[in-house]
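Here are my notes on the model, set out as numbered points. Please read them with the structure open beside you.

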Amino acid sequence: LNLQDQLRFLQRTYGDFVSYNSYLLSYNSLTTAAIFQRLRHGGPTGGYWTSCAGSDVIFIKDITKGYDSTNPPEYKSLLPTTPDDMIMFEFANKVSVTLR
């Protein structure tokens with residue numbers, strides 16, 4: 001079984017998949033801080049965003065704050081925290097986004 005055959009097997013089993021990786025760099029620390037502040041406090045109830053581009057957020061992992069929406073009731077992240085801003089969003093349409 002070669003790599004191409006394995007990929008075809010996975011596609012038949014699980015369907016199409018896409019990976020799009022890109023970087024957008026911010027060299028202004030004040031702009032970066034404002035972006036993360038809005039992501040954390042710009043949602044409809046003053047907290048995290050609940051949707052984006054028409055898709056609902058199904059979970060959030062804020063690595064900087066130690067928050068994990070999939071780990072109630074404490075919502076404490078099992079991942080180690082970092083002093084640098086980093087938030088992971090997963091959406092109902094199966095798209096995942098990591099911002100750091």
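1. Pro73 sits in the loop between β3 (67-68) and β4. The model is a predicted one, and in it Pro72 and Pro73 are joined by a cis peptide bond, with omega at about 5°.

2. Tyr75 belongs to the loop between β3 and β4. The phi angle of Tyr75 is near 60°, which is a positive value in a residue other than glycine. Is Tyr75 buried, partly exposed or exposed? With a relative accessibility of 34%, Tyr75 counts as partly exposed.

3. Another positive phi in a residue other than glycine is found at Ala53, where the angle is near 55°. Ala53 is placed in the loop between β1 and β2. Its relative accessible area is 83%, so Ala53 is exposed; the cut-off for exposed is over 50%.

4. Next, the overall layout. The protein has two helices and five strands, and along the sequence they come in the pattern α-α-β-β-β-β-β. The radius of gyration is 17 Å, whereas the globule rule gives 13 Å for 100 residues, so the protein is more spread out than a compact globule. Along the principal axes, the C-alpha atoms fill a box of roughly 50 × 35 × 30 Å.

5. Two percentages add to this picture. Buried residues make up 21% of the 100 residues of the protein. If one takes the contacts between residues at least 6 apart in sequence, 36% of these contacts join residues at least 24 apart.

6. Which strands pair with β4? One of them is β2, which runs antiparallel to β4 and is joined to it by five bridges. In this pairing, Asp62 has Ile87 of β4 as its bridge partner. Strand β4 (residues 87-91) also pairs with strand β5 (residues 96-99), in the antiparallel sense and over four bridges.

7. The pairing of β4 and β5 can be followed residue by residue. Phe89 has Val97 of β5 as its bridge partner, and Met88 has Thr98 of β5. The hairpin of β4 and β5 has four residues between the strands, and Lys94 in this hairpin takes a positive phi near 75°.

8. Why is β4 described as largely enclosed by the rest of the structure? Four of its five residues are buried, and buried means a relative accessible area under 20%.

9. The largest pocket has a volume of about 1,000 Å³. Its lining is made up of 20 residues, and Ser22, Tyr23, Val97, Thr98 and Leu99 are the ones nearest its centre. Two elements, α2 (29-41) and β5, give two or more residues to this lining. By class, the lining of the largest pocket holds 11 nonpolar, seven polar and two charged residues.

10. The second largest pocket has a volume of about 180 Å³. It is lined by 13 residues, and those nearest its centre are Cys52, Ala53, Phe89, Phe91 and Val97. At least two lining residues come from each of β1 (51-52), β2 (55-62), β4 and β5. The lining of this second pocket has 10 nonpolar and three polar residues, with no charged residues.

11. Some residues turn up in several of these points. Val97 is the bridge partner of Phe89, and Val97 is among the residues nearest the centre of the largest pocket and of the second largest pocket. Phe89 is also listed among the residues nearest the centre of the second largest pocket. Ala53, the exposed loop residue, is on that list as well.

Note on methods
Residues are numbered from 1 along each chain as its sequence is written. This is a predicted model: local features need pLDDT of at least 70, side-chain atom pairs count only at pLDDT 80 or more; totals for chains, interfaces and linings use all residues. Side-chain values use heavy atoms; hydrogens and water are left out. Two strands pair if DSSP finds at least two bridges between them. On a 1 Å grid over the protein atoms alone, a cavity is a set of points where a 1.4 Å probe fits but cannot get out, and a pocket is an open set with protein on both sides within 12 Å along at least five of seven lines; lining residues have an atom within 4 Å of a point. Grid points are joined across faces, edges and corners, and a volume is the space filled by probe spheres set on the points. Ala, Val, Leu, Ile, Met, Phe, Trp, Tyr, Cys and Pro count as nonpolar, Asp, Glu, Lys and Arg as charged, and the others, Gly among them, as polar. The radius of gyration is taken over C-alpha atoms; the globule rule is 2.2 Å times the number of residues to the power 0.38. Buried means under 20% relative accessible area, exposed over 50%, partly exposed in between (1.4 Å probe, protein chains only). Contact means heavy atoms within 4.5 Å.
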